[in-house]
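User: I am new to this structure and would be grateful for a close look at one part of it. Please begin with a single residue in a loop and then set out the surroundings of other elements in a connected account.

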Amino acid sequence: MSLSRKEKNAYWMPYTDNRWYKTNPRLLESAKGMYYTTSTGEKILDGVAGLWCVNAGHCRKKIVEAVKNQVEKMDYGLSFQMGHKLAFKFAEKLVSILPDKIEHTFFSNSGSEAVDSALKVSLAYFKAKGNNSKTKFIGRSRGYHGSGFGGTSVGGIVANRTQFGNLLNGVIHLPNTHIPSKNSFSWGQPKYGIEKANALNDIIEFHGKETIAAVIVEPIAGSTGVLVPPLGYLERLRKICSDNDILLIFDEVITGFGRTGDSFASKRFNVIPDIITMAKGITNATVPMGAIGVSSEIYNTIYKKNKGKIELFHGYTYSGHPLACAAGLATLEVYEEDGLFERSKSLEKYFGDAAHSLAKLNVVKDVRNFGLVAGIELSERTKSPNTLGRDVYTECFENGVMVRFTGNTIAVSPPLIITKKEIDKLFGTLAKAIKKVF
Ligand SMILES: Cc1ncc(COP(=O)(O)O)c(C=O)c1O
């Protein structure tokens with residue numbers, strides 16, 4: 001199956017070098033479990049769980065059935081001044097796997113919208129407390145928080161910002177935690193870098209704590225090449241935020257739903273933020289959905305301040321969409337029945353060792369891992385340096401394995417159902433591809 005010129009022209013693909021892709025389009029046609037099948041019949045091992053989202057594997061029967069049944073029963077039901085049972089049931093289920101103190105959920109349709117919701121709720125919280133000057137946000141260099149104006153502003157990826165000018169005012173960035181000179185090839189959390197959190201104290205001193213609403217970070221930065229937090233770093237961020245009445249938001253869009261060996265990274269690292277953003281694995285990516293989990297302190301403050309009217313002037317037509325809630329409920333059941341959060345933890349050692357086995361290749365500059373996610377950073381190459389990651393990715397795909405690349409770093413984050421044999425295939429194919437491309 002090929003694409004016509006008109007079809008290629010009509011579809012402007014996101015975050016894609018459209019010219020490159022459309023010169024030699026690769027089309028996915030179906031998916032089951034750990035594998036895609038392409039339009040030309042090749043089976044591709046999915047080493048990235050779709051886009052870090054199909055945590056239970058593709059086309060799980062229980063989830064597919066739940067969505068089919070729901071679409072026949074009620075395709076849509078609104079959530080403004082009206083409700084349906086599934087949304088309440090799903091919210092309750094979500095709260096049961098979130099860390100203690102995160103007791104309320106608000107639904108969006110994507111991670112980007114979850115991030116915007118988290119930022120707006122932070123502002124509403126301080127307004128409700130009468131702290132009108134607390135409006136600044138602190139993000140982090142190399143952070144990714146989606147594509148909305150809020151997420152792009154607090155995000156720390158230069159390429160995502162330069163085309164768009166000013167973005168939000170009043171955003172400051174922490175330095176990232178990447179210290180290759182000390183931490184290269186760390187297995188799990190790196191030893192060095194806790195002091196990177198101290199930059200928050202400097203920002204507070206310079207801008208004044210009375211001007212800052214929230215700090216937002218990914219517990220593990222995913223999109224910029226898998227940066228695992230140094231030991232003690234998240235704990236220190238938490239303490240500085242608490243000491244200065246600043247909210248801490250963990251963006252768990254990637255790290256949620258078992259990726260790190262527990263339901264959420266905040267639980268695995270035992271550091272509880274005030275707000276958690278989530279999406280992707282929330283419905284196993286079957287139906288788009290995002291959400292935020294919010295502490296009782298935030299919820300109650302906004303709720304009590306706004307009696308007799310809408311408490312939060314924020315929401316989406318598809319907040320709590322019945323198909324998404326049906327998919328989400330079935331997804332949580334699959335995670336539980338298959339013990340996938342525990343499985344991710346128990347496979348961590350095998351997966352991490354397999355990732356680190358690539359360290360023996362000269363061109364591998366660093367390997368970073370945690371739970372079922374790993375980043376393999378490659379040295380620059382002299383011929384066509386800009387296309388290195390892409391060439392490794394293409395070589396892997398041609399040999400039946402899907403990975404992801406960001407610059408010179410290859411990321412892997414397979415569905416949590418992956419077997420040891422498939423882990424061997426994933427890293428074996430990657431090793432061969434790296435050797436061939438250099
Ligand atoms: C940490 C993080 N936050 C937010 C997002 C944005 O999610 P979405 O693409 O669903 O808007 C992503 C997407 O990869 C992400 O990794």
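Analyst: Lys-383 is placed in the loop that runs between strand 12 (373-378) and helix 16 (388-398). The model is a predicted one. Lys-383 has 7 C-beta neighbours inside 10 Å and therefore counts as exposed. From Val-271, Lys-383 is separated by 112 residues in sequence and by 44 Å in space, taken from C-alpha to C-alpha.

Strand 5 (residues 136-140) offers a case of burial. Five of its five residues are buried, so strand 5 is largely enclosed by the rest of the structure. Lys-136, Ile-138 and Arg-140 point one way from the strand, while Phe-137 and Gly-139 point the other way; all are buried. Strand 5 pairs with strand 7 (residues 212-217) in the parallel sense, over three bridges, and in this pairing Ile-138 stands opposite Val-215. Strand 5 also pairs with strand 6 (residues 171-174), again in the parallel sense, over four bridges. Here Ile-138 stands opposite Ile-172 of strand 6.

A further sheet may be described next. It is an open sheet of four strands in the order 1-2-3-13, with mixed pairing. Strand 1 (28-32) and strand 13 (401-402) stand at the edges with a single partner strand each, so one side of each has no neighbour in the sheet. For strand 13, a pairing with strand 3 (residues 43-46) runs in the parallel sense over two bridges. Within that pairing, Leu-45 stands opposite Val-401 of strand 13.

The account closes with a pair of helices. Helix 4 (residues 61-73) packs against helix 14 (residues 322-337) at an angle of about 155°, and their axes are 8 Å apart. Angles over 145 degrees count as roughly antiparallel, and helix 4 and helix 14 are therefore roughly antiparallel to each other. Their crossing is right-handed. On the side of helix 4, the contact is made by Lys-62, Ile-63, Ala-66, Val-67, Gln-70 and Val-71. Helix 14 contributes Pro-322, Leu-323, Ala-326, Ala-327, Leu-329, Ala-330, Thr-331, Glu-333 and Val-334. By character, the residues of this contact divide into eleven nonpolar, two polar and two charged.

Terms used
Residues numbered from 1 in each chain as written. Predicted model: local features only at pLDDT ≥ 70, side-chain atom pairs only at ≥ 80, totals over all residues. Axes fitted to C-alpha atoms, helices over the stretch in contact; angles between N-to-C directions. Parallel < 35°, antiparallel > 145°, perpendicular 65-115°, else oblique. Left-handed = near helix turned anticlockwise from the far one by under 90°. Contact = placed C-beta atoms within 7 Å. Nonpolar A, V, L, I, M, F, W, Y, C, P; charged D, E, K, R; others polar. Buried ≥ 20, exposed ≤ 12 C-beta atoms within 10 Å, placed from the backbone. Pairing = 2+ DSSP bridges.
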